[in-house]
Amino acid sequence: MKLERSKNSARNILFGTVTRAFNLIVPFFMRTLIIYVLGVEYIGLDSLFISILQVLNLAELGVGYALVYSMYEPLAKDDTEKICALLLLYKKYYRIIGFVILGAGIILTPFLPLLIKGDVPDGINLYLLYYLNLLSTVVSYLFFSYKISIITLYQRNDIVDKVRLITSAIKYTLQFLVLWLFHNYYFFIIVALSSEVLANYISYLIVNKYFPQYKAEGKLSKKEVSLINHRARDLFTAAFGSVVVDSADTIVISAFLGLTSLALFQNYYFVITTIIGVITLITNSALAGIGNSIVTETKEKNYSDMKKLTFVFCWIGIFSVCCLLCAVQPFVKIWVGKENLLPYSLVICFCVYLFVKIINSLLNTYKDAAGLWHIDRFRPLVTAMSNLTMNLIMVQFWGLFGILISTIISMLFIGMPWLLYNLFSFLFTNKKIKEYLFVLLNYSIICVVLGIASALLISKIELNSIVFTIIVRITVCACMNIAVLLIVFGKTSEFCSLIHYADKVTNGKFGFLFKRLGL
């Protein structure tokens with residue numbers, strides 16, 4: 001199977017979008033069913049376990065990226081033997097990681113009650129539920145998942161997306177039945193565990209079919225293993241920071257404010273993570289292509305490409321912020337009830353967090369693609385520890401508001417400036433950093449202006465039906481964003497390049513449309 005960067009990226013985004021849409025709509029209904037059948041505390045409990053397991057997964061952080069990164073060069077040289085040896089190392093490491101996570105999870109068991117303020121839902125055995133979640137994570141490392149690195153290497157994430165689409169459909173159907181018929185949360189988790197095993201096994205079989213030349217066999221030199229371990233350690237610090245920033249909020253809320261407050265927070269965060277999921281889809285699909293471009297193209301070409309991607313990411317962020325400001329409150333109201341609404345000031349904080357997170361996602365993608373993990377190794381740690389410290393202090397004075405503010409401050413004033421410095425010192429020319437900061441400032445100002453317009457003008461739209469109100473508000477947001485996009489950026493190289501790419505993917509449809517518009 002040949003490696004075709006543009007085609008594979010487009011395919012990954014297409015199938016990833018379908019999968020993401022499915023994994024947005026169906027889990028939304030499942031989440032709603034849990035709230036109304038079992039209670040809102042179960043959402044908080046589920047979010048807490050996810051965050052705990054993310055922390056336990058620190059044992060894996062770095063290994064996957066380091067090994068896939070090490071496969072880029074042998075793939076370019078068609079060195080199948082070395083890729084097989086790397087695959088064997090991947091398999092060994094993943095099995096070790098599975099047992100490490102299991103051991104760490106067992107050690108953490110006595111401390112579980114300290115992570116929840118107040119009581120757990122009636123009839124729930126906290127420890128049994130925790131071990132079911134832990135087993136679900138461990139199983140994914142022990143069996144078959146190492147083979148998925150080959151799919152990532154060839155930028156064929158669409159294969160995994162198709163498998164996940166089928167297994168998720170089975171999972172959600174069974175979970176709906178066990179909740180509706182038995183009201184049993186234990187069965188709900190067991191179905192999720194079984195689905196994970198099935199998805200990994202099917203992916204394993206598909207990789208064996210499409211890439212039969214790659215088997216986990218062979219041996220690497222001590223020097224090569226040492227280099228991979230060195231990369232993994234550097235990657236660990238980067239991933240550690242990201243996990244702590246994402247998980248600390250949830251754990252601190254549960255420990256200081258309780259499961260109900262965590263559930264209300266997670267209802268809004270569910271919408272945010274859906275948007276971030278779209279961004280992750282784009283970055284995952286483009287990562288290998290960016291890495292290849294960094295190796296084969298000039299610094300100027302790569303900087304130009306990053307500006308184009310910045311344009312795309314920022315406009316996704318601007319549109320998302322506008323929609324959230326004018327539509328998220330009525331959406332949550334019709335979804336879980338007026339009593340579960342958070343103050344509008346928190347909505348604004350969520351929007352700032354989202355925009356900063358989107359820009360950080362792009363910058364981190366370039367850092368990962370360029371392999372700047374050693375240079376960047378201290379930044380994530382300092383950012384994460386700053387966030388955790390501010391979390392523990394601010395939550396006691398300002399509650400949920402303090403949690404979000406501390407996260408925004410740590411990312412915006414510590415993590416992002418440091419990351420930009422590293423990128424422009426070691427990947428791009430340092431002279432360009434002022435130019436790029438001006439680009440980011442420009443998009444940020446537009447985001448603020450359109451956000452204020454959305455809050456003051458579009459939010460005034462009120463119809464008899466809340467559903468129609470949401471639809472009309474989002475439609476007006478879309479029209480306003482498109483209008484500003486065409487007026488302000490219609491003639492820029494970034495916009496024209498985006499249209500050219502869309503034209504290529506759609507076989508001339510976009511080119512014909514924009515010629516008619518005179519662009």
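## Exercises: helix packing around H12

Helix H11 (residues 299-336) packs against H12 with the axes 9 Å apart and an angle of about 165°. This is a predicted model, where local features need pLDDT of at least 70, side-chain atom pairs count only at pLDDT 80 or more, and totals for chains, interfaces and linings use all residues. Residues are numbered from 1 along each chain as its sequence is written, and side-chain values use heavy atoms, with hydrogens and water left out.

**Exercise 1.** Work out how H11 and H12 are oriented to each other.

*Step 1.* Know your axes: they are lines fitted to C-alpha atoms, for helices over the stretch in contact, and angles run from 0 to 180 degrees between N-to-C directions.

*Step 2.* Take the angle of about 165° and hold it against the cut-off: over 145 degrees counts as roughly antiparallel. So H11 and H12 are roughly antiparallel.

*Step 3.* Add the hand: the crossing of H11 and H12 is right-handed, meaning that the near helix is turned clockwise from the far one by less than a right angle.

*Step 4.* Sort the contact of H11 with H12 by class: 19 nonpolar, 5 polar and 1 charged residues. Here Ala, Val, Leu, Ile, Met, Phe, Trp, Tyr, Cys and Pro count as nonpolar, Asp, Glu, Lys and Arg as charged, and the others, Gly among them, as polar.

**Exercise 2.** Do the same for H12 and H14, and list which residues meet.

*Step 1.* H12 (residues 344-370) and H14 (residues 433-456) have axes 12 Å apart, at an angle of about 155°. H12 and H14 are therefore roughly antiparallel as well, and H12 passes H14 in a right-handed crossing.

*Step 2.* Contact means heavy atoms within 4.5 Å. From H12 come Tyr344, Phe355, Ile359, Leu362 and Leu363; from H14 come Tyr436, Leu440, Tyr443, Ser444, Cys447 and Ala455.

*Step 3.* By class, that contact of H12 with H14 has 10 nonpolar residues, 1 polar and no charged.

**Exercise 3.** Is Gly415 buried or exposed, and what does Gly415 touch?

*Step 1.* Locate Gly415: helix H13 (residues 378-426).

*Step 2.* Buried means under 20% relative accessible area, exposed over 50%, partly exposed in between (1.4 Å probe, protein chains only). Gly415 has 2% relative accessibility, so Gly415 counts as buried.

*Step 3.* Skip neighbours within four places in sequence, and Gly415 is in contact with Arg379, Thr383 and Ser410.

*Step 4.* C-alpha to C-alpha, Gly415 and Ser386 are 9.9 Å apart, with their places 29 residues apart in sequence counted as separation.

Technical notes:
Helix = DSSP H or I, 4+ residues; strand = E, 2+ residues; numbered from the N terminus. Parallel < 35°, antiparallel > 145°, perpendicular 65-115°, else oblique.
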